[in-house]
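Biologist: I am new to this structure and should be grateful for a close look at one part of it. Would you please take me through the helices and the loops beside them in a connected account?

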Amino acid sequence: MNKVKEFNFIPKKAMVIFAHPDDAEIGTGGTIAKWCNKGTEVVYVLATTGSSGSNDPSMTSNKIVNIRSKEQDEAAKVLGVKEIIELGYKDGELESNKQLLSDLVFLIRKFKPESVFTHDPFRMSGFSHKDHRNLGITVMDSIYPYSRDHLHFPEQLNEKIKPHKAKNLFFWGCDLPNTIIDVTGYETKKIESLSKHKSQIQGLSVGSSKEKGMLKRLHNYASNHPFKYGELFRMIEARD
Ligand SMILES: [Zn+2]
C-alpha cells in the first residue's frame with residue numbers, strides 16, 4: 001500500500017488543464033476553491049468545447065457548446081477562478097499531437113504556474129475517456145521537457161515568454177494516489193460549482209442524495225488524516 005502524503009503548500013500560481021466543462025470541478029474543485037481563497041492565481045485551460053456531452057436526442061452540438069461554456073463560467077466563478085482559456089478542440093477528437101503540445105507549452109510559458117492539475121492518463125481500473133488520456137499525457141510532456149527547454153518551440157520565446165519549469169503536476173482520477181489536499185471548509189464550494197453544470201449533473205443541490213454521496217467520498221478519502229474532507233491526487237515533481 002503506498003503512502004498518501006498531505007500537501008499543504010499554497011502556490012502563487014496554478015493551472016488546471018482539462019478536457020471538458022465540469023472535469024476541473026470534479027477533479028480538483030475543493031483544492032481550487034481553497035487556493036483561490038488563499039490568494040493563488042488560478043488559470044483554467046479548457047481543451048474541448050464539450051460538443052458531444054448530451055444524452056438528450058433533441059440537443060444539437062451548437063446548443064450544448066453554448067450551454068456548457070456558460071455553465072463552466074459560472075462554476076469557475078464559484079471557485080474564484082478569474083480566467084478560462086478555451087482551446088476549442090472538438091469533443092472526442094483530442095489527439096496528443098504537436099499542435100496540442102505547442103498550445104500547452106505556450107500557455108505554461110506564458111502563465112508560469114508552479115502547480116499544474118490534469119487527468120491521469122494512466123488509469124487502468126476502468127474506462128477513461130480518450131480526450132482525458134490524450135490530454136493528460138500531453139500535459140505531462142508539456143511540463144517536462146518541452147516548456148522547460150529553450151530548444152523546444154523556440155519560435156515562442158521572446159521578452160515575455162521564457163522557458164518555464166513547473167514544480168509539480170497533480171493527476172486526478174488516479175488508481176494509486178500519493179497525495180491528499182485538505183479541502184475541509186471548501187467542500188460546499190466544490191458541490192456548488194458542480195451544481196452549475198446542470199446539463200451534465202442533474203439533481204445536485206444542497207441536501208440532495210447526490211451531494212451526500214459526494215461529501216461521503218471526500219470524507220472517506222480523508223479517513224487516515226487529521227481533517228474531514230480531502231481530494232486525492234498522484235503528484236509528481238519536476239526534475240531539475
Ligand atoms: Zn471529461
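Modeller: The account below takes up two helices in turn and then two loop residues.

The model is a predicted one. A suitable starting point is helix H5, which covers residues 187-195. This helix is mostly covered, with 8 of its 9 residues buried. Those buried residues are Glu187, Lys189, Lys190, Ile191, Glu192, Ser193, Leu194 and Ser195. They pack against three helices, namely H1, H2 (61-79) and H6 (209-221).

The contact with H1 can be described further. The axis of H1 (residues 23-37) comes within 8 Å of the axis of H5, and the two cross at roughly 135°. H1 is therefore oblique to H5. The crossing of H1 past H5 is right-handed. On the side of H1, the contact is made by Glu25, Ile26, Gly29, Gly30 and Ala33, while H5 contributes Glu187, Lys189, Lys190, Ser193 and Leu194. By character, the residues of this contact divide into 4 charged, 3 polar and 3 nonpolar.

The second helix is H4, which runs over residues 130-146. Its 17 residues reach 22 Å from the first C-alpha to the last, close to the 24 Å expected at 1.5 Å a residue. The buried residues of H4 are Asp131, His132, Asn134, Leu135, Gly136, Thr138, Val139, Met140, Ser142, Ile143 and Tyr146. The elements against which these buried residues pack include helix H3 (98-111) and four strands: S2 (13-18), S3 (41-48), S5 (115-119) and S6 (168-172). H4 also contains Pro145. The peptide bond that joins Tyr144 to Pro145 is cis, with omega of about 5°.

Two loop residues complete the account. Lys112 is found in the loop between H3 and S5, and Phe153 in the loop between H4 and S6. Phi of Lys112 is near 55°, a positive value in a residue other than glycine. Phe153, likewise a residue other than glycine, has a positive phi near 45°. How exposed are these two residues? Lys112 has 16 other C-beta atoms within 10 Å and is therefore partly exposed. Phe153 has 19 such atoms within 10 Å, so Phe153 is also partly exposed. A residue counts as buried at 20 or more.

How values were computed:
Residues are numbered from 1 along each chain as its sequence is written. This is a predicted model: local features need pLDDT of at least 70, side-chain atom pairs count only at pLDDT 80 or more; totals for chains, interfaces and linings use all residues. Axes are lines fitted to C-alpha atoms, for helices over the stretch in contact, and angles run from 0 to 180 degrees between N-to-C directions. Angles under 35 degrees count as roughly parallel, over 145 as roughly antiparallel, 65 to 115 as roughly perpendicular and the rest as oblique. A crossing is left-handed if the near helix is turned anticlockwise from the far one by less than a right angle, and right-handed if clockwise. Two residues are in contact if their C-beta atoms, placed from the backbone, lie within 7 Å. Ala, Val, Leu, Ile, Met, Phe, Trp, Tyr, Cys and Pro count as nonpolar, Asp, Glu, Lys and Arg as charged, and the others, Gly among them, as polar. The expected span of a helix is 1.5 Å times one less than its number of residues. A residue is buried if 20 or more other C-beta atoms lie within 10 Å of its own, exposed if 12 or fewer, and partly exposed in between; C-beta atoms are placed from the backbone.
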